[in-house]
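Open the model in your viewer and keep the selection panel to hand. The stops below go from one side chain outward to the whole chain.

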Amino acid sequence: MDKYVVKITHFEGPLDLLLELIEKRKLHINDVSLSQVTDDYIAHVKTLQEFSIPGIAHFVLTAATLLLIKSRSLLPGLKLSDEEEADIKDLEERLRVYRKIKELSTHIKDRFGKKMIFERGENRTIIPVF
């Protein structure tokens, strides 16, 4: 699958890098048009030969993070209900877990299949139970 590259006025590069720069406060979220990024992503998906569900899920997760950051930036004094606060905390926790899994997955990818303990047999037959 082709990697989606964000192209906006102040930035051009992968979506993960955009999020990282915003989180590190090297790029201001209000300088980013999230609707433009979303429209460009939808146009990108329409050009693909294969529909990548993990890729789209990653985009939705990253877009949700950017939307949360932008909404907090635009409405800093907004009072939220307990349920809304819980939803935000849940999203933040999911994003934290996702980030950790993504970091650890690079190590798994490097090591997977290097030392095989069991080899899959070629003459493996499956006997139906029912």
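Select Leu 66 and display what surrounds this residue. Setting aside neighbours within four places in sequence, Leu 66 is in contact with Leu 15, Leu 18, Leu 19, Ile 22, Ile 29 and Leu 34. Bear in mind that this is a predicted model.

Next, widen the selection to the largest nonpolar core, which has 17 residues. Leu 66 is among those with the most contacts inside this core, together with Val 6, Leu 18, Val 32 and Val 37. Colour by element to see where the core comes from: strand 1 (5–8), helix 1 (15–23), helix 2 (34–47) and helix 3 each give two or more residues to this core. As a general background, nonpolar side chains in soluble globular proteins tend to be buried together.

Now select helix 3, residues 53–74. Which residues of helix 3 are buried? They are Gly 55, His 58, Phe 59, Thr 62, Thr 65, Leu 66, Leu 68 and Lys 70. Then place a distance between the end C-alpha atoms of helix 3: they are 31 Å apart. That agrees with the expected span of 32 Å, because helix 3 has 22 residues at 1.5 Å a residue.

Finally, zoom out to the cartoon of the whole protein. There are four helices and two strands, in the order β-β-α-α-α-α from the N terminus. Of the 130 residues, 22% are buried. Switch to a surface: the protein exposes about 11000 Å², with carbon and sulfur atoms supplying 57% of that area. For a contact map, take contacts between residues at least 6 apart in sequence; 61% of these join residues at least 24 apart.

Terms used: Residues numbered from 1 in each chain as written. Predicted model: local features only at pLDDT ≥ 70, side-chain atom pairs only at ≥ 80, totals over all residues. Heavy atoms only, no water. Buried < 20%, exposed > 50% of the residue type's maximum accessible area, 1.4 Å probe, protein only. Contact = heavy atoms within 4.5 Å. Areas by Shrake-Rupley, 256 points an atom, 1.4 Å probe, with all protein chains shown as cover. Expected span 1.5 Å × (residues − 1). Core = buried A, V, L, I, M, F, W, Y, C linked by side-chain atoms within 4.5 Å.
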